Amino acid sequence: MKARMAHWGTGEYVRAGGIVAAATGVCLAARPRLATVDIAMILLLSVVATAARYRRGPALLASLLSTAAFDYLFVPPYYTFDVFNPSYFLTFGVMLIVALLMTGLTARIREQRVRADEREQQSRALYALEADLAAADGHDALLATAAAHLGRAADAPATIFSAEGLVSDGGATFPEDPVFEDAAVRVAAMWAWTRGVATGWGTDHGGEVPVMLLPVRAATGTVALATIRPADPAVSLSSAQQATVLALAGAIGSALDRQLLAQQNERARADVEAERLRTALLSSLSHDLRTPLAGIETSASTLLDEAATLPAATRHELLGSILEESRRMTRLIGNLLSMIRVETGMLAVQQSWQPLEEVLGVALLRMEERLKAHPVTTHIPADLPMVTIDELLIEQVFLNLLENAARYAPAGSPIDVSAYSEDASVVVEVADRGPGVPAGDKERVFERFYRGPAAGSADAGAGSGLGLTICRGIITAHGGKIWMVARPGGGAAVRFTIPVAGVPAPLPAASATG
Amino acid sequence: MAAPLPLVLIIEDELHMRQALRAILAGSGFQVVEAASAREGLMQASGRNPEVILLDLGLPDLDGREVTRSLRHLTSAPIIVISARGQEHDKVQLLDLGADDYLTKPFGAAELLARIRVALRHAAQPLEDLEAPITLPGAVMVDPLRRQVFRGGTEVHLTPTEYRLLLTLLRHAGRVLTHRQLLEQVWGRQYAAQTHYLRVYMAQLRHKLEADPTRPRLLLTEPGVGYRLRELSEPLKR
């Protein structure tokens, strides 16, 4: 920067001389028609012009040259520097003062413009940084983006080291990076870290260290350390660059703060959600398990105590309720276990090629008793492609969907199961003619412990509220989607997709004899 | 019935399950001997010579595979594995090691007795060569000598592989066959892992023999394990 100033300066001095020379020339040419005062004015004008355009040095030169020219050429005795009239000293004085005042003024304006330019550059760098940081996903991405911006501002590669692995009680630990092999860098790094002050190259502290060590400070203190490594440590940073780098470091610190805060918020939200789940699970367990258990206990103890006096029909009824309640508990516990597998990511999907028809068949057979009151129709095209699924999990999906249909649809209403292939997926629909789901609840039905409004059959609302949540977990694990649609003509329909991943290996030709 | 009552060995560590099994079996005229652990069960199996063994999957003292192997050394009596849902992988292992069938808890008395009946029947009369025509549920008739299959009086054309599959299931009617067992017997040992062959042919068979292939009455799926031909009302004749 200094070298450039000197270079510009020479040109400015030459041009200042030129301006004065031109003014002098004009005065010499017009001399016969000009009074001495007019000549002084013209020369003064040349000084003003120079001072307005150039720096103080050239302006002073111009005022000296004009004064000299005025004295030498236009003030008697001519061609000497002697002065008869002391009032001409006043002329020199005025010229000097004007030059000084003008240059001071223009220099200030110029300075302000340079400052404004620097500020604009800095705010542009900050703006670009903020925009990129906002887009950065995750701590490491944020640090990498921030380092790129620092590097651009300093014209040298920058790296940011996160606090982890930097801080330790007692001795300092350093990241595994060759730059920290230099003892001077390590000392500077510790200084920068503990004092929170930029240290090393391009800063006001320890300039002999060839690397800049820039602490990134957040509300909690120093949270990261940036290094900037110039190719040539002899070339320093301009004060504007230095200011930009420091401003960027501040912005990075705030971004890290925001990220930390967002993480804490996310964690708090997850905690609240977990707490809500625990509460719901607890109430579900206490109600849904204790109710059937109480029924079983009552029926069993009645049978035991009153065996002799009970009519056969009552005994049969009590035994039937024990059986029914036990089955209900078995279903509920099965759902709770599936739920835990879905929630904890323990859902080990063992996929193999299967015709959907077979899985549906198993589910229909197992539900035969539950579905007694509903005619079930199935529309599975014979040429439906095979899918890669975990048969036990997809069976569970069918069981839950059929269970819901049986629970909410009035007795005697039909249940339709259909499948078709579409866009590299198999789409399956289980539809009933029950009350359907309120339009606003189409998504909520997949939430845990959602229960449909009690209606239709006697045990609506007796479900665990987990069925559809489990279905969604299972279908998602298969790479598919599940959603609820309003059925034309009334009723609820759940659709799910299973992606068709190519075709299975071809079958061998029928072997040998039958 | 002058023949001595069949002896059933129950190897089950859980007291209430053992009581329930004993109640069902004794009520149906079986003799029962109980073992509360695998080691005790093995002793009883060699000492009492049971005709059917009910083996709980998940005994605390020995691994189920170990028990099955040891039992197979001691006796040829059919082994019926009693397991919970979700233990399909273990069940398949025991079936492939020589267990004959399985039951999933909770089960009803009828189901248990049907399994024992089928197991005893197969133990008494292994079916290798079938000759007499066999009538199956769903108006399906198989004529092994002519290799013809009829449904509702009209002949159904089966491919050789489909026929082999049907006949394999028929020889073990009422009993579960694992995917591996079926693949080995119908396609050969090198295809033992190609489960989808089996599923495709099973679907074809169902479309030809079942009134509603999504609600099979004859060719039953044992999810995660294999297939079972529904138990025949009358014993097969040679």
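**Briefing: chains A and B and their interface**

Gly188(B) sits just after helix α7(B) and takes a positive phi of about 115°. The model is predicted. Chain A and chain B bury about 2700 Å² between them. Helix α7(B) has buried residues that pack against α10 of chain A as well as against parts of chain B.

**Helix α7 of chain B**

- Helix α7(B) covers residues 179–186.
- Its buried residues are His179(B), Gln181(B), Leu182(B), Leu183(B) and Val186(B).
- Within chain B, these buried residues pack against the helices α4 (88–96), α6 (160–171) and α8 (195–209).
- They also pack against the strands β10 (176–178) and β12 (226–229) of chain B.
- From the other chain, α10 of chain A joins this packing.

**The interface of chain A and chain B**

- On chain A, 33 residues are in contact with 31 residues of chain B.
- Of the buried area, 55% lies on carbon and sulfur atoms.
- Four salt bridges cross the interface.
- A salt bridge joins the side chains of Arg206(B) and Glu358(A), at 3.5 Å from N to O.
- Polar contacts link 10 residue pairs across the interface, both residues at pLDDT 80 or more.
- On the side of chain A that touches chain B, the elements giving two or more residues are β5 (352–354), α9 (356–366), β6 (376–379) and α10 (391–408).
- Helix α9(A) gives the largest share of that side, eight residues.
- The residues of that side divide into 18 nonpolar, nine polar and six charged.

**Helix α4 of chain A**

- Helix α4 of chain A runs over residues 87–135, 49 residues in total.
- How far apart are its end C-alpha atoms? They are 72 Å apart.
- That agrees with the expected span, because 1.5 Å a residue should also give 72 Å for this helix.
- The buried residues of α4(A) include the aromatic pair Tyr88(A) and Phe92(A).
- Also buried are Thr91(A), Met95(A), Ala99(A), Thr103(A), Gly104(A), Thr106(A) and Arg110(A).
- Leu129(A) and Leu133(A) complete the buried set of α4(A).
- An α-helix has 3.6 residues a turn, so residues three or four places apart point the same way.

**Chain A as a whole**

- Chain A has 11 helices and 11 strands.
- Of its 514 residues, 42% are buried.
- Among contacts in chain A with a separation of 6 or more, 66% are between residues 24 or more positions apart.

Methods
Residues numbered from 1 in each chain as written. Chains lettered and ligands numbered in written order. Predicted model: local features only at pLDDT ≥ 70, side-chain atom pairs only at ≥ 80, totals over all residues. Heavy atoms only, no water. Helix = DSSP H or I, 4+ residues; strand = E, 2+ residues; numbered from the N terminus. Expected span 1.5 Å × (residues − 1). Buried < 20%, exposed > 50% of the residue type's maximum accessible area, 1.4 Å probe, protein only. Contact = heavy atoms within 4.5 Å. Buried area = accessible area lost by both parts, 1.4 Å probe. Polar contact = N/O pair within 3.5 Å; in protein donor to acceptor, adjacent residues only side chain to side chain. Nonpolar A, V, L, I, M, F, W, Y, C, P; charged D, E, K, R; others polar.
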